[in-house]
Amino acid sequence: MTTIAANLQTVRSRISTACTAAGRDVTEVTLLAVSKTFPADAVRAAHAAGATEFGENYIQEAVEKQALLTDLPLTWHCIGPIQSNKTRLVAEHFAWAQSVDRLKIAQRLNEQRPADLPPLSVCIQVNIDGGPGKSGVLPQEALALAREIAQLPRLHLRGLMTIPEPVADFAAQVAVHRRARALFDQLRGAGLALDTLSLGMSADLEAAIQAGSTMVRVGTAIFGGRAAKVA
Ligand SMILES: *Cc1c(COP(=O)(O)O)cnc(C)c1O
């Protein structure tokens with residue numbers, strides 16, 4: 001078994017244990033394999049071990065990698081910052097954009113989504129813990145943005161995504177993820193048909209699942225450590 005296959009098995013068992021602890025069914029949680037900075041061959045190994053959903057942060061890097069993997073039935077999620085000049089690449093090359101935090105970006109994605117593709121699935125990124133200089137709308141702005149995005153015909157608003165500041169304590173991790181869960185419930189209560197709560201990464205997926213995450217985004221625990229990104 002490759003290291004990636006063994007790591008995937010470990011991550012799946014962590015998800016399964018966390019679901020049991022939370023009284024949830026394991027089918028409620030999708031595993032997104034975050035392959036940023038890793039080569040196409042690593043994606044290939046993860047696919048061979050059963051992964052089908054992949055997350056990428058750097059749009060240009062992702063598009064180049066995807067070109068080497070067109071023989072595989074993979075679903076690609078953009079989870080990194082989306083600048084205006086990158087919206088066309090996202091609209092044309094991804095199934096999901098999880099990091100939408102401005103109406104202008106949503107409108108461009110809506111205009112640029114090719115007619116032969118299904119609507120682009122979108123999550124609103126929320127700055128749930130008020131982390132400084134971070135992407136994401138403030139929680140109190142999420143409902144208004146969600147209502148605007150829900151009107152755009154070439155987008156399919158799916159839910160919320162957060163990247164909280166890392167904290168070591170499990171209870172503190174659960175508490176911050178519960179804030180996202182409460183916001184998600186509030187938006188659904190307001191009539192928005194959302195089905196995706198993208199919370200949790202390698203270090204806090206158990207807490208995220210405890211709080212109600214439906215999608216965990218896992219990089220390091222599958223692919224190993226990443227070299228620091230040189231800007
Ligand atoms: C890198 C990244 C992940 C994965 O983080 P790990 O700690 O390596 O699991 C998840 N979500 C986003 C938005 C990321 O940028």
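Here is a short exchange about a predicted model of a protein and its ligand.

Me: What makes Lys 36 a polar contact of the ligand?
Reply: A polar side-chain atom of Lys 36 lies 2.7 Å from a ligand oxygen atom. The cut-off for a pair of N or O atoms is 3.5 Å, so this pair counts.

Me: Which distances put Ser 202 and Thr 220 in that group too?
Reply: For Ser 202, a polar side-chain atom is 2.5 Å from an oxygen atom of the ligand. For Thr 220, an N or O atom of the side chain is 2.5 Å from a ligand oxygen. Both pairs are within 3.5 Å, so they count as well. As for cover, the ligand alone exposes 390 Å², and the protein buries 90% of that.

Me: Which residues surround the ligand, and how do they divide?
Reply: Among them are Val 34, Asn 57, Ile 79, Met 201, Arg 217 and Arg 226. The shell divides into 5 nonpolar, 4 polar and 3 charged residues. Gly 219 is in the shell, and glycine is counted as polar here.

Me: What is the space taken by the ligand called?
Reply: That space is the second largest pocket. The word is pocket because the set of points is open, whereas in a cavity the probe cannot get out.

Me: How do you know that the radius of gyration agrees with a compact globule?
Reply: A compact globule of 231 residues would have a value near 17 Å, and the protein has 17 Å, so the two agree. Its C-alpha atoms fill a box of roughly 45 × 40 × 35 Å along the principal axes, and the protein holds 9 helices and 8 strands.

Key: Residues numbered from 1 in each chain as written. Predicted model: local features only at pLDDT ≥ 70, side-chain atom pairs only at ≥ 80, totals over all residues. Heavy atoms only, no water. Near = heavy atom within 4 Å. Polar contact = N/O pair within 3.5 Å; in protein donor to acceptor, adjacent residues only side chain to side chain. Areas by Shrake-Rupley, 256 points an atom, 1.4 Å probe, with all protein chains shown as cover. 1 Å grid on protein atoms, 1.4 Å probe; cavity = no way out; pocket = protein on both sides within 12 Å on 5 of 7 lines; lining within 4 Å. Sits in = over half its atoms within 2 Å of the grid points. Helix = DSSP H or I, 4+ residues; strand = E, 2+ residues; numbered from the N terminus. Rg over C-alpha atoms; globule rule 2.2 N^0.38 Å.
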